[in-house]
Amino acid sequence: MIQIAPKDIYEKLEFDKILEIVETYCFGELGKQAVRNLPVYTKEEDIERALQEVFEYTQTYEHKHNFPISVYREVNEDLKMLGIEGYVLSVESLRNIGKILLLTQAIYNFFMKRKDAKELYPTLLDIIRVIDFDEELLTEIRKVIDDEGNIRPDASPELMRIARMQSSKQQELTKAFKRIIQVYQSQGKLTDNVESIRNGRRVLAVPAEYKRQVRGIIHDESATGKTVFIEPETVIDINNDIFNLEQEYKREIYRILRALSATLRPYIEHIREYQSILVRFDVVQAKAQLANTLDATKPKLFAKPHFKLTKAIHPLLYLKNKREGHKTIPFDLHFRKHNRILVLSGPNAGGKSICMKAIGLIQLMAQAGMLIPVEEGSEIGMFDQVFADIGDQQSLEDELSTYSSRLQNARVFMEKANEKTFVLIDEFGSGTDPKMGGAIAESILKDLNSKNVFGVITTHYSNLKVYAHENEGLVNGAMVFDKDTLSPTYHMRIGRPGSSYAFEIATKSGLPKKVISYARKKTGKQEHTMDELLVELQRERQKATEAHKSLLEQQKRLDQLIKNYDYANRELEFGRKKLKLKIKEQELVDNQNAHKELQKVLKELKEAENVQKAAARAKALLEETQEKKEKARTKVDGIKDDIYKVYDQKTKGTIETGSHVRMREGGAMGIVKELKRKEAVVEMGNITLTIKLRDLQLIPNPIELTQKATVKTNTINKQARFESKIDVRGLRYDEALDMIQDFLDEALMANSTRVEIIHGKGSGVLRKAVHHKVKEYPNIKNVYHPEANRGGDGLTVIEFE
């Protein structure tokens with residue numbers, strides 16, 4: 001669990017309000033309790049699993065897969081009582097247990113019977129994979145309890161018999177009552193209401209003056225005493241029978257419930273586990289509903305402190321503005337190089353505190369397994385401790401002023417802080433004399449920075465801005481202020497400090513000019529221009545950094561152009577040599593054909609009359625042809641050597657065991673497994689070949705090849721094929737770009753018309769890397785994702801012209 005300070009940090013960052021929103025999405029009280037006690041994890045596997053669960057659940061919305069979860073009731077107390085031998089559960093308790101079993105069965109079937117569920121939702125499947133659902137329990141409950149939660153009339157044969165007899169007696173009673181009412185009503189001995197129910201029995205409503213004229217049992221009389229309720233004598237036995245049948249019916253229901261309770265008793269732990277799984281899914285779906293409301297995404301998680309947030313927003317502010325129809329201004333936060341602490345400055349009401357709280361809130365949400373309101377591809381790390389000093393913490397009970405409480409917080413922070421601590425401090429140094437407060441704040445900042453903490457600090461003090469500018473590990477940031485309209489823009493800019501714009505805001509507020517003029521004089525020119533000088537210095541530094549970055553990009557493009565030029569030049573020379581080789585090889589073939597013809601003539605002449613003379617001429621012709629053949633072969637070998645030199649002049653090193661090599665003929669690549677004098681055993685994809693060293697070329701920076709089972713041969717009967725598929729899953733963005741570029745270059749060299757790149761689905765970063773790199777190749781005619789059963793969004797297919 002994460003360590004926090006002070007104890008009310010959730011309230012300060014309004015994380016409690018996020019939990020309240022999630023709680024409203026829960027279906028059961030146990031789910032709400034789990035949300036109220038939601039852990040903020042510090043282990044990578046716990047955070048990644050929780051984030052992936054919510055992400056997969058949001059995918060059910062996209063795929064329009066209705067996840068089977070709905071309202072349920074807690075059964076912990078019922079299970080506790082069920083553990084007592086002989087205890088009989090009530091109909092309501094059995095109804096609640098039945099609902100938990102029903103939902104568990106539906107969720108179980110969602111994963112086990114849906115063909116694509118195991119592939120689309122593997123992490124969610126792991127939640128329920130641990131159980132072996134026993135459908136007999138639900139079947140036994142359904143035999144007794146119907147879908148409305150009532151006892152089924154056919155729960156047992158005896159219950160059905162009693163129910164039939166009750167129905168028969170009720171009909172008999174109705175007929176008897178009908179006859180009696182007709183008799184007494186014709187005599188005018190009944191009130192207008194005619195009949196009623198008293199003590200569970202049907203009675204006649206008789207005026208008091210006729211009560212002695214109607215034979216039967218008096219059950220009640222009206223408040224005024226004018227009406228008497230009498231059970232007619234002729235239906236007393238029928239009512240008694242009905243009463244007895246009702247008692248029998250209750251006894252039979254009790255017997256049925258007792259038998260069902262005994263059936264469920266051995267499965268108490270199973271039912272408790274089903275309830276626990278249901279609660280877990282309830283929490284996951286509640287988080288997913290919040291993510292859907294916020295348009296939140298799953299960030300890439302780092303197992304260390306790290307921030308690369310793009311278009312982040314404060315979730316609560318976003319929901320408020322969404323209701324009111326207002327736009328929420330996003331911000332970016334990326335700590336580059338060694339920067340860890342952001343010193344954020346700017347005017348009051350400019351959004352400093354909102355941005356700071358948003359960063360802290362997003363961090364807590366991510367470590368609690370919630371998707372966060374950032375753009376897809378954002379990255380976030382993890383912390384073991386989160387400290388915050390926000391708002392007025394004055395305490396009358398502890399006799400602490402606001403500033404004293406801030407100093408106490410600072411003391412705790414410095415004592416406990418380490419490289420895995422995230423610190424948030426609002427209005428750093430305020431609450432006392434500005435000069436002394438600023439000096440103390442600078443000293444605290446120095447100590448925290450020495451402990452390599454990460455943090456966001458808001459301030460108006462110039463000395464803190466200067467300190468952030470001069471020291472490694474800190475970076476200035478500003479909330480942009482529109483000088484023309486004298487109003488905040490709520491945009492955050494990292495790399496330069498902000499000004500408080502106190503005089504401008506005071507002017508807009510309507511303070512008299514003489515008051516503002518006097519204040520300007522009191523501050524003095526040095527104080528007045530400090531912020532402006534610092535801002536200008538930061539601006540110049542930023543320009544120099546951007547210019548340097550631009551030069552590096554240009555140099556990179558230039559290097560690539562030179563590389564492309566060298567490659568094209570080698571290809572041109574190679575093509576020219578190859579054409580010459582082809583011509584000479586054809587001459588060699590022609591000479592071989594002529595040689596065969598001469599051998600045939602020689603054979604025929606031996607059989608002729610003038611054998612010796614003909615043989616002499618043929619032999620001379622044969623020797624001449626053989627000489628031409630040897631000359632052609634020598635020229636072919638020389639041309640081959642020239643072609644190989646075109647590539648070898650750019651490749652340094654010798655071929656050794658483990659070297660990556662390319663066949664000079666065909667361009668197929670592989671790995672040297674063994675050297676045998678002038679030959680090498682090379683593994684190429686699924687085959688192993690023995691090739692002469694002179695026919696191989698060393699590759700200095702190869703693309704990794706798939707290694708499979710081998711087949712040995714001493715001759716090459718066909719050209720090895722280019723491997724048309726690579727897998728870049730698990731690589732960082734930059735690594736993936738380099739590998740994709742090399743792969744596409746090899747595809748072009750092999751004249752491949754179609755290749756596939758596996759990048760997985762995940763957060764979509766690697767998919768973007770593929771599409772970004774593809775744009776650099778004009779001869780690509782089509783890029784698409786195949787059907788879901790062939791890879792879907794996790795695979796990109798590229799077709800060349």
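Colleague: How do you know that the span of helix α14 (residues 352–367) agrees with its 16 residues?

Modeller: Helices here are DSSP runs of H or I with at least four residues, strands are E runs of at least two, and both are numbered from the N terminus. The expected span is 1.5 Å times one less than the number of residues. For α14 that gives 22 Å, and its end C-alpha atoms are 23 Å apart, so the two agree. Bear in mind that this is a predicted model, where local features need pLDDT of at least 70, side-chain atom pairs count only at pLDDT 80 or more, and totals for chains, interfaces and linings use all residues. Residues are numbered from 1 along each chain as its sequence is written, and side-chain values use heavy atoms, leaving out hydrogens and water.

Colleague: What makes α14 "mostly covered"?

Modeller: Buried means under 20% relative accessible area, exposed over 50%, and partly exposed in between, with a 1.4 Å probe and protein chains only. In α14, 14 of the 16 residues are buried.

Colleague: Which residues of helix α9 (residues 135–144) are buried?

Modeller: They are L137, L138, I141 and V144. Their arc, taken from the directions from the helix axis to the C-beta atoms, is only 120°, so they lie on the same side of α9.

Colleague: Why are β21 (725–727) and β23 (780–784) said to stand at the edges?

Modeller: Two strands pair if DSSP finds at least two bridges between them. The open sheet runs β21-β22-β24-β23, with mixed pairing. β21 and β23 each have a single partner strand, so one side of each is left without a neighbour in the sheet. Three bridges join β21 to β22 (residues 754–758), and these two run parallel.
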